[in-house]
Amino acid sequence: MLILTRKSGERITIGDRIRVTVVEIKGKQVRLGIEAPPDTKVHREEIFQKIQHENEVAASSGVKALETLARFWQEKSE
């Protein structure tokens, strides 16, 4: 992990297309501004984890549905 120190108004550049600006520091909170291309998804960590979980649930439910459908057709053909 790279750790950088920045003051309010200072920036960090990631690659050629992403810039992170420290907008405000208030107590223990830091407000960040993120400039990224429209095709780059930017999420808070807790939202990203929820999306990952929902994707896993959706993927596994698709497998279960296919297994149920396969059993149905197998039983019907017997």
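The following conversation asks how terms used for this predicted model rest on their definitions.

Visitor: What should be known about the model before its values are read?

Guide: The model is predicted, so local features need pLDDT of at least 70 and side-chain atom pairs count only at pLDDT 80 or more, while totals for chains, interfaces and linings use all residues. Residues are numbered from 1 along each chain as its sequence is written, and side-chain values use heavy atoms, with hydrogens and water left out.

Visitor: How do you know what confidence the predictor has in the protein chain?

Guide: On the pLDDT scale, which gives the predictor's confidence in each residue from 0 to 100, the mean of the protein chain is 90, and 97% of its residues reach 70 or more. Among the elements, which are DSSP runs numbered from the N terminus (helices H or I of at least four residues, strands E of at least two), S1 has the highest mean, 98, and helix H1 (residues 45-77) the lowest, 82.

Visitor: Why is Val 30 called partly exposed?

Guide: Buried means under 20% relative accessible area and exposed over 50%, with partly exposed in between (1.4 Å probe, protein chains only). Val 30, in strand S3, has a relative accessible area of 48% and is therefore partly exposed, whereas Arg 44, at 55%, counts as exposed.

Visitor: What makes Arg 6 and Glu 10 a salt bridge?

Guide: The term requires a side-chain nitrogen of Lys or Arg within 4 Å of a carboxyl oxygen of Asp or Glu. The closest N and O atoms of Arg 6 and Glu 10 are 3.6 Å apart, and the pair is therefore a salt bridge. By this rule the count comes to six, including Glu 46 with Arg 44 at 2.7 Å and Glu 35 with Arg 11 at 3.7 Å. Because Glu 35 lies in strand S3 and Arg 11 in strand S1, the latter pair ties together parts that are 24 residues apart in sequence.

Visitor: How do you know that S1 and S2 pair, and what makes S1 and S3 edge strands?

Guide: Two strands pair if DSSP finds at least two bridges between them, and four bridges join S1 to strand S2 (residues 18-26), so the antiparallel S1 and S2 meet the rule. One of the facing pairs is Thr 13 opposite Arg 19, and Ile 14 has Ile 18 as its bridge partner. The three strands form an open antiparallel sheet in the order S1-S2-S3; S1 (11-14) and S3 each have a single partner strand, so one side of each is left without a neighbour in the sheet.
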